[in-house]
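Hi,

Here is the structure I promised to pass on. Have a look at it first, and then read on for what turned up.

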Amino acid sequence: HLAREKNIEIRQEFDTDSLPVTGDYGRLRQMILIVLDNAVKFSPAGSEIWISLNNRTVSISDQGNGIAEEDLPHIFDRFYKVVSEENKSGSGLGLAIAKQIADRHHIGVAVTSKLNEGTKFQFEF
């Protein structure tokens, strides 16, 4: 519903119909939703978010503001927040929780970002 309010289109592209994973469904869902929620939160109205599955890697890409290079090493730290208008209500715990879920499921996490172009999170299963 948040994406709809901002007129953000969520597109998907999968190389397979399923990705069998053993783990805690609720926590894995939470991990993906945290990153997807952030993508919507930091994307401008009328933009696109891509969710893809390719070779056991789930990627979530946005067209948001991006993350500054000096902030990237800290985004998974508890209570770390980049000060911005979009982030005024965040607690700084979301990405730390997502990373902890990924680690407990032995899922690799990679993040690439360019200022004013967007961010891409990749979960390697």
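Before anything else, a word on terms: "buried" here means under 20% relative accessible area, "exposed" means over 50%, and "partly exposed" is what lies in between. Please also keep in mind that this is a predicted model.

With that cut-off, helix α3 has Leu95, Ala96, Ala98, Ile101 and Ala102 as its buried residues. What sits over them? The cover includes α2 (25-42), along with β4 (108-114) and β5 (118-124). After α3 comes His106, which has a positive phi, near 60°.

The overall picture

The protein has three helices and five strands. Reading from the N terminus, the order is α-β-α-β-β-α-β-β. There are 125 residues, and 34% of them count as buried. If you take the contacts with a separation of 6 or more, 64% of them are between residues 24 or more positions apart. The accessible surface is about 8,000 Å², with 48% of that belonging to carbon and sulfur atoms.

Two residues of α3

Ile101 is one to click on in helix α3. Its relative accessible area is 6%, so with the 20% cut-off it counts as buried. Which residues does Ile101 touch, leaving out those up to four places away in sequence? They are Arg27, Leu28, Gln30 and Met31. You can also check Ile101 against Gly23: the two are 78 residues apart in sequence, while their C-alpha atoms are 9.9 Å apart in space.

Lys99 is in helix α3 too. With a relative accessible area of 24%, Lys99 is partly exposed. Setting aside residues up to four places away in sequence, Lys99 touches Phe76 and Val109. For Phe76, the C-alpha to C-alpha separation from Lys99 is 6.5 Å, with the two positions 23 residues apart along the chain.

Salt bridges

How many salt bridges does the structure hold? The count is three.

Lys99 is in one of them, paired with Asp103, and the closest N and O atoms are 2.8 Å apart. Both residues belong to helix α3 (residues 94-104), and since they are four residues apart there, about one helical turn separates them. Asp103 is partly exposed at 40% relative accessibility.

Arg11 takes part in a salt bridge with Glu9, at 3.7 Å from N to O. Arg11 also meets Glu48 in a salt bridge, at 2.7 Å from N to O. Why does the pair of Arg11 and Glu48 tie together parts that are 37 residues apart in sequence? Because Arg11 lies in strand β1 (residues 9-14) and Glu48 in strand β2 (residues 48-54).

Are these residues buried or exposed, or something in between? Arg11 is partly exposed at 30% relative accessibility, Glu9 is partly exposed at 42%, and Glu48 is partly exposed at 24%. Through shared partners, the salt bridges join Glu9, Arg11 and Glu48 into one network.

A pocket for you

I also looked at the second largest pocket, which has a volume of about 370 Å³. Its lining is made up of 15 residues, and those nearest the centre are Leu19, Val21, Ile32, Val58 and Phe125. Which elements give two or more residues to that lining? They are α2 and β2. Of the elements, α2 gives the most, with five residues. As for chemical character, the lining of this pocket has 11 nonpolar residues, two polar and two charged.

One thread to follow on screen

If you want a single element to start from, try α2: α2 is among the elements covering the buried residues of α3, and α2 also gives five residues to the lining of the second largest pocket. From there you could go to strand β2, which holds Glu48 of the salt bridge with Arg11 and also gives two or more residues to the lining of the second largest pocket.

Cheers

Methods:
Residues are numbered from 1 along each chain as its sequence is written. This is a predicted model: local features need pLDDT of at least 70, side-chain atom pairs count only at pLDDT 80 or more; totals for chains, interfaces and linings use all residues. Side-chain values use heavy atoms; hydrogens and water are left out. A salt bridge is a side-chain nitrogen of Lys or Arg within 4 Å of a carboxyl oxygen of Asp or Glu. Buried means under 20% relative accessible area, exposed over 50%, partly exposed in between (1.4 Å probe, protein chains only). Contact means heavy atoms within 4.5 Å. On a 1 Å grid over the protein atoms alone, a cavity is a set of points where a 1.4 Å probe fits but cannot get out, and a pocket is an open set with protein on both sides within 12 Å along at least five of seven lines; lining residues have an atom within 4 Å of a point. Grid points are joined across faces, edges and corners, and a volume is the space filled by probe spheres set on the points. Ala, Val, Leu, Ile, Met, Phe, Trp, Tyr, Cys and Pro count as nonpolar, Asp, Glu, Lys and Arg as charged, and the others, Gly among them, as polar. Accessible areas come from the Shrake-Rupley method with a 1.4 Å probe; for residues, only the protein chains shown count as cover.
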